[in-house]
Amino acid sequence: MKKEMYFAKSLEEDFATKTLKGKKKITFQTIENIIKTKTIKLNTKSFGRKRRLACSFLHKNYLKTYRSQGVIFQTNQKPDLIYPFDLVLLTDVKKLVVHYYRIKNNLHMYYNHNLIPGFEQFVFMSIDKMLKKFSSPEKAWDAVNKFRIKSLYGKLPRSKHRLVEYNEVIFNKPVKVKPIAIFGYRKKAREVAKKYGLPYFVTAKKFYESLEK
């Protein structure tokens, strides 16, 4: 029997998605609206791609998330494409930043870079196909380093490894979702979970581990 698929959408500390309006980052969709409409709208605009929804699927080897809080959901919609790691690894960014909080006030600059020619080899049309080639972050790490070296962008320092510890799932249309749980270590996460009657977990990993019990 095919295992159920769960996705994690990382949210900012105020439990909302953000988007860029010019050079300014603005609130785009609140957790309240996500729960009420059972829809997550397209908020990400970067690296010359169309506006899209970026999230991650949870798998025994991919249990980290882009941010430390968010909502776990299920959907009947199929992703449009999947990257085995953060898309930023395929861009010509000279100084890769691992932690989002370091760039959140300069997104308009950081997200204005181009994808390195040949990046398409890391684009997958299904989760199963991605996992068949990159069953673990280590395999993806080795492959993207070979790609960057060949493209004259140099090997990534180990300090950037976190960028391969979660995958990037892309939807090009708003996603109808079934909210499953809230994760995050801050008090706000517990409050949100309680308010909407959803299970609470410190991390997406803890949620996934609860499925195994």
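**Exercise 1. Work out which faces of strand β1 (residues 7–10) are covered, and which strands pair with β1.**

Start with the two sides. Phe-7 and Lys-9 sit on one side, Ala-8 and Ser-10 on the other, and all of them are buried (under 20% relative accessible area with a 1.4 Å probe, protein chains only; over 50% is exposed, in between is partly exposed). Both faces are thus covered. Strands here are DSSP runs of E with at least two residues, helices are runs of H or I with at least four, and both are numbered from the N terminus.

A quick word on the source: this is a predicted model, where local features need pLDDT of at least 70 and side-chain atom pairs count only at pLDDT 80 or more, while totals for chains, interfaces and linings use all residues. Residues are numbered from 1 along each chain as its sequence is written, and side-chain values use heavy atoms, with hydrogens and water left out.

Now the partners; strands pair if DSSP finds at least two bridges between them. With β5 (residues 53–57), β1 pairs antiparallel over two bridges, and Ala-8 stands opposite Ser-56. With β6 (residues 70–74), β1 also runs antiparallel, joined by four bridges; here Lys-9 faces Val-71.

**Exercise 2. Place Thr-65 and find what Thr-65 touches.**

First, the location: Thr-65 lies in the loop between β5 and β6. Next, burial: Thr-65 counts as buried because its relative accessibility is 10%. Then look for a polar partner (N or O atoms within 3.5 Å, one able to donate a hydrogen and the other to accept it; residues adjacent in sequence count only if both atoms are side-chain atoms). The Thr-65 side chain reaches the backbone oxygen of Arg-67 at 2.6 Å. Finally, list contacts (heavy atoms within 4.5 Å): leaving out residues up to four places away in sequence, Thr-65 touches Ala-8, Ser-10, Arg-162, Tyr-166, Phe-183 and Ala-204.

**Exercise 3. Find the buried side of helix α5 (residues 187–196) and what covers its buried residues.**

Pick out the buried residues: Ala-189, Val-192 and Ala-193. They span an arc of only 100° around the axis (taken from the directions from the helix axis to the C-beta atoms), so they lie on the same side of α5. That fits the general rule: an α-helix has 3.6 residues a turn, so residues three or four places apart point the same way.

Now flip to the face turned away, which carries exposed Lys-187, Lys-194 and Lys-195. The cover over the buried residues includes α1 (31–37), β10 (178–183) and β11 (200–201). Last stop: α5 is followed by Gly-197, with a positive phi near 65°.
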